[in-house]
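Visitor: I should like to take a close look at a single part of this structure. Would you please describe how that part is built, and then set it within the whole?

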Amino acid sequence: MSTSKLVDMRTAIAAHVHDGDTVAIEGFTHCISFAAGHEIIRQRRRNLTLARMTPDLVYDQMVAAGCAKKLIFSWLGNPGVGSLHAIRRRTEPAALAPGESLLEIEEYSHHGMVGRYVAGAHRLPFYPLRSYSESDLPKVNPLIRTVQSPFGGEEVYAVPPLNPDVTIIHAQRADAEGNVQMWGLLGCQKEAAFAAKHVIAVVEEIVPTSVIRADPNRTIAPGLIVSAVVCEPFGAHPSYVQGSYDRDNAFYREWDTISRDAAATEAWLQEWVYGVKDRAAYVAKFGGDYFKGLTPTSAPSGSVDYGDYR
Amino acid sequence: MSAQRPASKSELMVVASAHALTGKRVCFVGVGLPNIAVNLAKRTVAPEMELVYEAGVFGANPARLPLSIGDPTIVTGSTATVSMHDLFGLYLQGGRIDVGFLGGAQIDRFGNLNTTVIGDYAAPKTRLPGSGGACEIAINAKEILVIMRQSTRSFVKELDFRTSPGNLGGAVAAAKTRAAQGWGGSGPSGVITDLGVYGFDDDGEMALRSLHPGATLDQVRASIGWEIRIPQSFPATPTPTDEELRLIREELDPTGAYVS
């Protein structure tokens, strides 16, 4: 009746991420699939268009590794720390290395980026919003345009749909059919997933379908839209998973130092991405005690009663 | 209780910002100094305040100082954790936010802000983070408070890029634009710096409202790239109380990561 979509990361990326694709690894600070980003680097994908509200370290690393030709985003920084230096080296002409070219840039605001996924997911030609009025953003992004309301003629801005070839989301748990449950900051995981042609769901834990069905309000993506499920404990590190492990703020700070220097960045990629065969090896390289230090104490939700209506 | 040592410039900014939040109900919080200011206000002048984080939290109750805007501590114990679509659509554009905090690399005399680039957009000298939620906060929050340190590099005659609109070219034009384009807010109401507190005159231009203890008018003039309006008389910014400094130093930023 049901088919398992459970595969390892190597298989999922090989099957669903191709050179030239538009890829969205989403997750707002929370649940960012670094495991998928690193596997894309290892498989040496090229000319990707990388979409994300906040490119974060994962896209800084992918840009440094030469995977990207274009970025679509709304906030380009190392949250709480500063700049994404590898990306800056590809956006500021004075910092460009010989033989490198500038990245193509397409930028929005947060609401605009969310709206692009919503329009894509809803199969609508645009998403209207009140942002961008009297901002210079529409002058530098011709895809931010005005639209007139058919009900009274009011003019608002609009952004076009975004339909990634593949969206990769991380979450707490899923069943083998790809029914995904998440709690904590939801970001735009649901909208980006529904907008995509293919979805790779990466989770901390595979659970029986009965666990999913016992708490259906927590499902953000049904197996219907998910192409592959990957079980990857600590797969979001150095970002975090609510209730499982904390954000590795020390690494976010350390990346600021590493990424300022192109050679140090390359050395880091060699050691922590190319030099490990998968996420399990990456986790083992840190050692178990390291992740114990990132484990929060417990704060369980109360349970709710859905009722039995047989 | 022993007296606290005098306030640092950052602590003056935090306390002045907290005072500006007196009696406010719903505040859109940024990381860093705004975050400490809002948490101080909640413990002093605005106990009913709801903290909203753009990462998708309404009614946050952070147990530690979050480094990033999306720290897990803003989720645990919050009133509501919502998608970004809900946060920006229902809460912000829907008109539920009283005050939003913004900062930037550049501000002009009308409170317009640049967080996008220094230099030309296509070939920038410095690529900055961009809008994030700033552009929509500027338009939709009922009022805007800006926290920035003063320097002639940041308080400029002309922005290199206008990411987030303030009073545009003046209050009259700005009011017309806000009405015509359905903005939910009335723009910037205050700018809090390391030297003083500024408001906006009826014509929409920034003017000094109070000078921080220890700061001088010469310092103020030397760190603003246009001739700043200084009224005939103005008060000193109230000196932080021992209790305010204690809350900052012992509870809100015990390691001094932001305010030392």
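Guide: The following account begins with one pair of packed helices and then widens to the chains and their contact. Please bear in mind that the model is predicted.

The part I have chosen lies in chain B, where helix α1, residues 9-20, packs against helix α2, residues 33-43. Their axes are 8 Å apart, and the angle between them is about 50°. An angle in the range from 35 to 65 degrees is neither roughly parallel nor roughly perpendicular, and therefore α1(B) is described as oblique to α2(B). The crossing of α1(B) over α2(B) is right-handed.

Which residues make this contact? From α1(B) come B:Ser10, B:Met13, B:Val14, B:Val15, B:Ser17 and B:Ala18. From α2(B) come B:Leu33, B:Pro34, B:Ile36, B:Ala37, B:Leu40 and B:Ala41. Sorted by character, the residues of the contact comprise 10 nonpolar and 2 polar, with no charged residue among them.

Let us now consider the chain that holds this pair. Chain B contains 7 helices and 13 strands, and 54% of its 260 residues are buried. Its C-alpha atoms fill a box of roughly 45 × 45 × 35 Å along the principal axes. A compact globule of 260 residues would have a radius of gyration near 18 Å, and because chain B has 18 Å, the two agree. Of the contacts in chain B between residues at least 6 apart in sequence, 66% join residues at least 24 apart.

Chain A may be described in the same terms. It has 12 helices and 12 strands, and buried residues account for 51% of its 310 residues. The C-alpha trace of chain A spans about 55 × 55 × 35 Å along its principal axes. Its radius of gyration is 20 Å, which agrees with the value near 19 Å for a compact globule of 310 residues. In chain A, 72% of the contacts between residues at least 6 apart in sequence join residues at least 24 apart.

Finally, we come to the place where the chains touch. Chain A gives 43 residues to this contact, and chain B gives 44. On the side of chain A, the elements that give two or more residues are α5 (110-122), α6 (137-140) and α7 (189-195). The largest share, 4 residues, comes from α5(A). This side of chain A divides into 16 nonpolar, 16 polar and 11 charged residues, whereas the contact of α1(B) with α2(B) has no charged residues.

Key:
Residues numbered from 1 in each chain as written. Chains lettered and ligands numbered in written order. Predicted model: local features only at pLDDT ≥ 70, side-chain atom pairs only at ≥ 80, totals over all residues. Rg over C-alpha atoms; globule rule 2.2 N^0.38 Å. Buried ≥ 20, exposed ≤ 12 C-beta atoms within 10 Å, placed from the backbone. Contact = placed C-beta atoms within 7 Å. Nonpolar A, V, L, I, M, F, W, Y, C, P; charged D, E, K, R; others polar. Axes fitted to C-alpha atoms, helices over the stretch in contact; angles between N-to-C directions. Parallel < 35°, antiparallel > 145°, perpendicular 65-115°, else oblique. Left-handed = near helix turned anticlockwise from the far one by under 90°.
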